[in-house]
Amino acid sequence: MLDKVIEAAQIAGEIIKEGYRKNISVEYKTNLANLVTEIDKKSEEAIINFISKEFPGHSVLAEESGIKERDSEYKWIIDPLDGTTNFAHGLPIFSVSIAVQKNDEIICGVVYDVMRDAVYSAEKGGGAYCNGRKLEVSRNDDLRKSLLVTGFPYNIDENPDHAIERFVIFLKNSRAVRRLGSAAIDLCYVAEGIFDGFWEVYLNPWDMAAGKLIVEEAGGVVTNFKNEPLDIAGKQILATNGKIHDIMLELLNSV
């Protein structure tokens with residue numbers, strides 16, 4: 001099944017590459033910061049068509065078209081273009097994220113870092129890989145020497161869940177904080193040992209389902225801010241190399 005998930009992600013990636021830096025139509029969902037393009041929709045349609053052909057009995061949860069429930073123990077969770085704002089502005093940091101759940105457990109996940117042609121993948125219990133190269137999280141145990149990454153919700157002007165205060169805390173207590181604009185890529189870069197930790201106060205299941213498994217299979221730890229196992233239907237996420245997890249939890253809960 002993992003090979004099929006990779007195939008679906010790469011099909012979508014070709015659509016995205018074809019539309020990159022072209023004159024595309026842009027719509028707004030909740031506000032001017034929350035974009036959707038025709039390429040998001042074409043990418044999602046291609047993935048769903050692929051699933052319908054290869055696994056017609058499986059359920060699908062997709063960012064743009066929502067849930068299609070079927071009588072199946074399998075569910076595909078799809079973000080057809082994670083990093084739409086980057087894509088719309090010509091910033092080459094965006095991805096396709098696809099995970100498959102079996103009876104509510106994520107069993108495989110793929111994130112296709114489109115412009116780098118990097119396929120991040122993981123199967124439950126089988127390790128995490130990037131283009132066939134095995135991934136391991138970093139071994140750094142000092143937050144002050146850590147490179148962190150985060151993102152902001154579309155309603156950041158309302159400062160939900162103390163997002164700004166939490167950002168400032170980590171700015172002051174780490175080596176640096178980056179903000180790339182694709183949560184799926186952020187998670188893969190934690191798995192690869194580029195970043196030591198990642199947090200966000202508000203994500204959706206399709207943002208983190210595949211990346212969660214990839215981090216865990218690379219030896220990392222993924223929880224909510226209460227240090228409970230991550231429920232992808234929840235909003236908060238903390239993903240780290242495991243060695244700085246406790247201190248990041250402490251700081252996240254200090255506001």
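I begin with a term: helices (H or I, at least four residues) and strands (E, at least two) are DSSP runs, numbered from the N terminus. What I have in front of me is a predicted model, and I keep that in mind for each entry below.

**Entry on the cavity.** I looked for enclosed space and found one cavity of 30 Å³ or more, with about 40 Å³ of space in the largest cavity. Its lining is made by Thr 150, Gly 151, Phe 152, Pro 153, Ala 163, Phe 167, Trp 199, Glu 200 and Val 201, and H4 and S13 each supply at least two residues of that lining. Sorted by class, the residues around the largest cavity are six nonpolar, two polar and one charged.

**Entry on the pocket.** I then turned to open space, where the largest pocket has a volume of about 710 Å³. I counted 36 lining residues, and those that lie nearest the centre of the pocket are Asn 34, Phe 152, Pro 153, Tyr 154 and Asp 207. Two or more lining residues come from each of strand S5 (74-82), helix H3 (84-89), H5 and helix H6 (205-217). The lining of this largest pocket divides into 13 nonpolar, 13 polar and ten charged residues. Reading the two linings side by side, I noted that Phe 152 and Pro 153 are listed for the largest cavity and also lie among the residues nearest the centre of the largest pocket.

**Entry on the five-stranded sheet.** In which order do the five strands of the open sheet stand? I read the order as S12-S11-S13-S15-S14, with mixed pairing. Strand S12 (176-178) and strand S14 (221-223) are at the edges with a single partner strand each, so one side of each is left without a neighbour in the sheet. Neighbouring strands of this sheet are turned by 15 degrees against each other on average, direction ignored.

Within this sheet I followed strand S11 (residues 147-150) and strand S13 (residues 197-200), which pair in the parallel sense over three bridges, and I found Leu 148 opposite Gly 197 in S13. Helix H5 (residues 183-191) packs on the sheet and touches S11, S13 and strand S15 (237-240), its direction making about 155 degrees with that of S13. Helix H7 (residues 245-252) also packs on the sheet, where it touches S11, S13, S14 and S15, and its direction makes about 150 degrees with that of S15.

**Entry on strand S3.** Going back along the chain, I checked strand S3 (residues 59-62), from which Ser 59 and Leu 61 point one way and Val 60 and Ala 62 the other way, and all are buried. S3 runs parallel to S5, joined to S5 by four bridges, and Ala 62 stands opposite Ile 78 in S5. With strand S4 (residues 66-68), S3 pairs in the antiparallel sense over three bridges, and the bridge partner of Val 60 in S4 is Lys 68. A hairpin of three residues joins S3 to S4.

**Entry on backbone angles.** Most residues other than glycine have a negative phi, so I looked for exceptions. Asp 117, which is not a glycine, has a positive phi of about 50 degrees and is found in the loop between strand S7 (105-113) and strand S8 (118-123). Asn 159, also not a glycine, has a positive phi of about 50 degrees and is found in the loop between S11 and helix H4 (163-173).

Are these two residues buried or exposed? Asp 117 counts as partly exposed because its relative accessibility is 41%, and Asn 159 counts as partly exposed at 22%.

Key. Residues are numbered from 1 along each chain as its sequence is written. This is a predicted model: local features need pLDDT of at least 70, side-chain atom pairs count only at pLDDT 80 or more; totals for chains, interfaces and linings use all residues. Side-chain values use heavy atoms; hydrogens and water are left out. Two strands pair if DSSP finds at least two bridges between them. Axes are lines fitted to C-alpha atoms, for helices over the stretch in contact, and angles run from 0 to 180 degrees between N-to-C directions. Contact means heavy atoms within 4.5 Å. On a 1 Å grid over the protein atoms alone, a cavity is a set of points where a 1.4 Å probe fits but cannot get out, and a pocket is an open set with protein on both sides within 12 Å along at least five of seven lines; lining residues have an atom within 4 Å of a point. Grid points are joined across faces, edges and corners, and a volume is the space filled by probe spheres set on the points. Ala, Val, Leu, Ile, Met, Phe, Trp, Tyr, Cys and Pro count as nonpolar, Asp, Glu, Lys and Arg as charged, and the others, Gly among them, as polar. Buried means under 20% relative accessible area, exposed over 50%, partly exposed in between (1.4 Å probe, protein chains only).
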